[in-house]
Amino acid sequence: IARHLCMAWGKAEEWPPQVPDDFPAESLPKKVEAIVAEAGKATGEKLRVTYIEASKSVKEGDVLVFPDYVKVSAQSAAGLGALKNYLSKKRVPGQQRCIEDVEDLDTGFLLVCAHTSRDARCGFCGPKLVEAF
């Protein structure tokens with residue numbers, strides 16, 4: 001079983017070329033990466049983190065978890081604890097879990113890469129695609 005996490009953090013145009021490796025050691029992305037690595041080892045699940053820009057519905061520090069379709073606000077120590085708690089419990093397909101501090105998502109998402117320093121094509125086309133939608 002695999003999960004894909006999308007963490008809202010800053011603006012893509014300001015991200016370093018190697019995300020998350022080039023983020024500062026005590027930054028929220030580094031803390032989330034550590035939680036994800038620990039949870040993956042504990043559960044044996046494959047977990048992948050992708051970084052996205054904040055929007056009207058996704059605030060900086062929010063983590064979207066797919067295919068679970070939930071959002072965890074990880075801006076605080078309590079939020080990081082909630083993320084760790086959520087990811088550390090082994091997921092059983094078809095079984096619903098009720099955990100506090102986790103919000104069900106009720107809308108679809110379209111993810112568009114706009115990370116200029118990683119790939120100039122994304123930096124050129126991404127913002128235009130976002131604007132078009």
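**Exercise 1. Work out the strand order of the open sheet and find which strands sit at its edges.**

Start with the order: in this predicted model, 5 strands make up an open sheet that runs β2-β1-β3-β4-β5, with mixed pairing. Next, look for strands that pair on one side only: these are β2 and β5 (103–104), the edge strands. Now zoom in on one pairing. β1 and β3 (residues 62–66) are antiparallel, joined over 4 bridges. As a spot check, take His-4: its bridge partner in β3 is Phe-66.

**Exercise 2. Find what α1 and α2 touch on the sheet, and the angles their directions make with β2 and β4.**

Take α1 to begin with: it packs on the sheet with contacts to β1 and β2, and its direction makes about 165° with that of β2. Then turn to α2, which also packs on the sheet, touching β1, β3 and β4 (70–73). The direction of α2 makes about 145° with that of β4.

**Exercise 3. Explain why the buried residues of α1 line one face of the helix.**

First get the helix itself: α1 covers residues 28–43, and its 16 residues reach 22 Å from first C-alpha to last, close to the expected 22 Å. Now list what's buried: Leu-28, Pro-29, Val-32, Ile-35, Val-36, Ala-39, Gly-40 and Thr-43. Look down the axis of α1 and those buried residues fall within an arc of 135°, so they line one face. Check the side turned away from them: there you'll find the exposed residues Lys-41 and Ala-42. Finally, ask what the buried residues pack against: β1 (2–8), β2 (46–52) and α2 (77–88). Just after α1 comes Gly-44, with a positive phi near 80°.

Note on methods. Residues numbered from 1 in each chain as written. Predicted model: local features only at pLDDT ≥ 70, side-chain atom pairs only at ≥ 80, totals over all residues. Heavy atoms only, no water. Helix = DSSP H or I, 4+ residues; strand = E, 2+ residues; numbered from the N terminus. Expected span 1.5 Å × (residues − 1). Buried < 20%, exposed > 50% of the residue type's maximum accessible area, 1.4 Å probe, protein only. Arc of directions from axis to C-beta. Contact = heavy atoms within 4.5 Å. Pairing = 2+ DSSP bridges. Axes fitted to C-alpha atoms, helices over the stretch in contact; angles between N-to-C directions.
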